Structure formats: structure tokens, C-alpha cells
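Notebook open, model loaded. Today I'm looking up the aromatic side chains and what sits around them.

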Amino acid sequence: MTVVEAVNLSKRYGRTWALRGVNLVIEEGMVVGLLGPNGSGKSTFLRLLAGLSHPSGGEVKVLGERPGLATKKQVAFVPEIDHLYRWMRVRDTLDFQAGFYADFDPARGEELLTFMNLDPGARVYNLSKGQRARLKLMLALARQARLVLLDEPFSGIDPPSRERILQGILMAYRQDRTVIISTHLVGEVEKLFDQVVFLSQGEVFLAGEAESLRAERGKSIDEIFREEYR
Amino acid sequence: MPHFDESRPIYLQIVDWICRRVARGELAPGARLPSLRDLAQELAVNPNTVQHAYQELERQGIAFTKRGQGTFISESPDPVGSLRQRLAEQAAEAYLKEIANLGLSFREGLDLLAEKIKERGVSN
């Protein structure tokens with residue numbers, strides 16, 4: 001089934017077009033890499049899918065509907081910024097998330113907490129950047145959400161945390177779950193992707209199956225990325 | 001664990017890796033392959049990639065899937081023998097290609113090989 005369908009999707013902030021005429025279809029169960037440098041429209045696209053902002057033109061459908069209250073229950077969005085209350089203990093953030101989202105699975109939460117090597121008693125403000133990134137991700141993955149949107153989950157994160165995050169994403173993989181990951185770091189994580197979408201200045205200029213692109217060009221996604229954005 | 005060259009499709013490299021393990025006897029005929037999820041995590045690749053690799057192994061008759069039970073290495077026709085043969089042929093091709101790249105004749109390549117074998121004192 002189609003999970004995301006964007007038709008001529010555009011978003012303007014003031015006089016700047018953050019997204020221009022994006023056409024994209026994403027099927028269920030795919031892990032999609034949304035690739036591009038800063039300012040290419042990756043976050044804007046994810047925010048539109050999450051229902052946090054609205055299109056200036058064109059249309060986007062998530063699970064067959066326009067993003068809104070109904071889709072938000074099935075979509076987990078992890079922003080790049082820190083959105084957690086700093087005074088909370090790790091354990092509290094799980095309860096908080098469970099209170100917000102009916103699909104939060106506490107057993108899964110415990111499992112992921114252990115896997116992410118996080119101390120339930122620690123205060124959020126005492127966590128390192130990598131630990132906070134792991135916590136944010138874990139809170140989203142413990143939901144039963146059909147669509148998971150991760151905005152730059154690897155950015156500014158030390159390699160061990162990055163590895164954990166990658167493994168966490170794989171651990172939470174389900175056939176009925178679609179994951180879209182925006183990143184400007186491609187090399188270490190490209191094995192995660194079924195599909196890649198290259199954005200530049202708000203436009204999609206290359207999209208396809210990662211394995212097909214490798215076979216056609218005899219290059220890694222990282223190499224293609226570096227060439228395209230040179 | 002294999003080291004992937006990301007400029008080639010990952011699933012084909014998983015296929016090669018499993019074939020090599022079968023040829024070396026590390027995976028016996030009838031052996032059960034790890035679940036998609038387990039192997040995906042071990043190799044840090046997408047589970048769909050592992051599935052693609054398993055499908056390719058099935059297509060080549062090297063593995064088969066029992067519904068609900070997993071994917072297994074075939075017991076017949078002798079996958080070990082045929083894979084050994086296939087991998088040996090690939091190695092031979094690679095050697096000949098390298099010899100040609102170096103501007104040597106195949107005759108010279110063959111002589112060099114014979115010499116190396118003699119050095120090792122192997123008679124058969």
C-alpha cells in the first residue's frame with residue numbers, strides 16, 4: 001500500500017520556496033533515505049508529512065489522508081532539535097510519551113531503553129548529545145506508528161551512538177512500518193536504505209532504489225551523493 | 001562477517017558471502033539460515049536487502065524456503081561441490097583478467113602458476 005503520496009508539493013516561507021513541485025510515492029515497509037545538504041528542503045518535507053506545517057501548493061497524503069489529527073496518531077516524528085523536557089528523568093519521558101500516544105508500547109519501550117543503554121534514573125539535562133539522540137529515537141520507535149520520520153538522527157552524534165541508532169532502527173523494523181530518514185551523512189548509513197531521494201534547493205532531482213542505483217552506476221550512494229552535490 | 005563494497009548491490013555480496021561459506025563447509029547442506037531480522041542486524045543492512053539475497057539464493061537453487069520455518073541450504077544437487085566449482089572458476093577468471101591487465105600472455109600466466117605450485121612442493 002502507498003504510505004506517502006506527494007503531488008506537485010510545494011512550501012513557501014515568505015519569498016523563499018523551501019519545497020518546489022515534489023512528486024513522490026513511498027510504499028509500505030520501505031526505509032527511505034532523504035538526502036541533501038542543509039537547506040535542501042528535507043526538514044520541510046518531513047514536517048509536511050508530520051502535519052506540523054501545511055503545503056503552499058500541491059498536495060500530500062499520508063496513509064491515504066491529508067496530514068492531520070487522524071494521521072498524527074500513526075506517524076512518529078523525531079525532530080532534529082531537542083524537544084524533551086530537560087528536568088525529566090529518562091523514565092518520566094517514557095510515561096510522558098505513553099500519555100501522549102495511545103500506541104506507545106511500554107514493553108517495547110523497556111526493551112529499547114536497555115538496548116540504547118540508557119539509565120532510566122538519569123536526568124535529561126545530564127545526558128550527552130548522543131544519549132539524548134538515542135532517547136528521542138527510542139521514544140518514537142516504541143510506538144506502533146506506521147510511519148516514522150527521523151530528521152537528521154545521525155547529525156553531530158559520536159560514532160558509537162550512531163551505530164546504536166542504526167541498530168535500533170533495524171531492530172524496530174516491521175513490514176508494515178515505513179521509515180523516512182533525512183540525512184546529509186550518507187556513507188555509514190546507506191546500507192539502511194531501500195530507496196533514496198536526493199533533494200536540492202527544494203526539488204527532487206534523483207529518486208530510486210538504492211540497489212538499482214548501485215548496479216546502474218557502479219557507485220555507492222555516498223559516491224553518487226558527493227558527485228551530485230559537488 | 002563480510003566487508004561490503006557499497007559500490008555494488010549489497011544483496012549480491014550477501015549471496016556471494018553465503019555461497020563462500022557453503023563452499024568452505026561452514027554452512028552444511030540442510031542448514032538453516034538466520035532469520036531476515038537477525039542477519040539484517042548482524043550485517044547492519046536493511047531486512048529487505050537480506051530478503052532479496054535469500055530470494056536470489058533460492059532462484060539459483062542454493063537455498064529453499066519452508067513456509068513459516070525459514071530458509072535452508074539445499075541438500076541436492078550437491079551445493080557444496082557446485083559452489084566450489086563456481087567460486088574456483090571465478091577465481092580463475094579473475095587471475096586471467098589480471099594477467100591480461102599486466103600485459104602478459106596466458107601462456108606466461110600458466111607457466112607462472114605451474115611454477116608457484118612447484119614452489120609449494122605440491123605434486124597432485
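Entry 1. I started with charges over rings, keeping in mind that this is a predicted model. A:Arg164 turned up over the face of A:Phe115, and I noted 4.9 Å to the ring centre. Another hit was A:Arg143, whose charged end sits over the ring of A:Tyr101 at 3.6 Å from the ring's centre.

Entry 2. Next I looked up ring pairs. Searching the whole structure gave me ten aromatic pairs over all chains. I picked out A:Phe100 and A:Tyr101: their ring centres are 5.9 Å apart and their planes are at 40 degrees, so I logged the pair as tilted. The cut-offs behind that call are under 30 degrees for stacked and over 60 for edge-to-face, with the rest tilted.

Entry 3. Are these two rings buried or exposed? A:Phe100 has 55% relative accessibility, so it goes down as exposed. A:Tyr101 has 28%, so I wrote partly exposed for that one. The label exposed needs over 50%, and buried means under 20%.

Entry 4. I checked where A:Phe100 sits in the fold and found it in helix α3 of chain A, which covers residues 90-100.

Entry 5. Which residues cluster with A:Phe100? One aromatic cluster is formed by A:Tyr85, A:Trp87, A:Phe96, A:Phe100 and A:Tyr101.

Entry 6. Last, I looked at the surface. I found a nonpolar patch of about 590 Å², made by A:Tyr85, A:Trp87, A:Phe96, A:Phe100 and A:Tyr125. My closing note on A:Phe100: it belongs to the aromatic cluster and to the nonpolar surface patch.

Definitions and conventions:
Residues are numbered from 1 along each chain as its sequence is written. Chains are lettered from A and ligands numbered from 1 in the order in which they are written. This is a predicted model: local features need pLDDT of at least 70, side-chain atom pairs count only at pLDDT 80 or more; totals for chains, interfaces and linings use all residues. Side-chain values use heavy atoms; hydrogens and water are left out. Rings of Phe, Tyr and Trp (its six-membered ring) pair if their centres lie within 6.5 Å; planes under 30 degrees apart count as stacked, over 60 as edge-to-face and the rest as tilted. Buried means under 20% relative accessible area, exposed over 50%, partly exposed in between (1.4 Å probe, protein chains only). A charge sits over a ring if NZ of Lys or CZ of Arg is within 6 Å of the ring centre and within 35 degrees of the ring normal. Patches are made of residues with over 30% relative accessible area and no salt bridge: like charges are joined within 9 Å, nonpolar side chains (Val, Leu, Ile, Met, Phe, Trp, Tyr) within 5 Å. Accessible areas come from the Shrake-Rupley method with a 1.4 Å probe; for residues, only the protein chains shown count as cover. A salt bridge is a side-chain nitrogen of Lys or Arg within 4 Å of a carboxyl oxygen of Asp or Glu. Helices (H or I, at least four residues) and strands (E, at least two) are DSSP runs, numbered from the N terminus.
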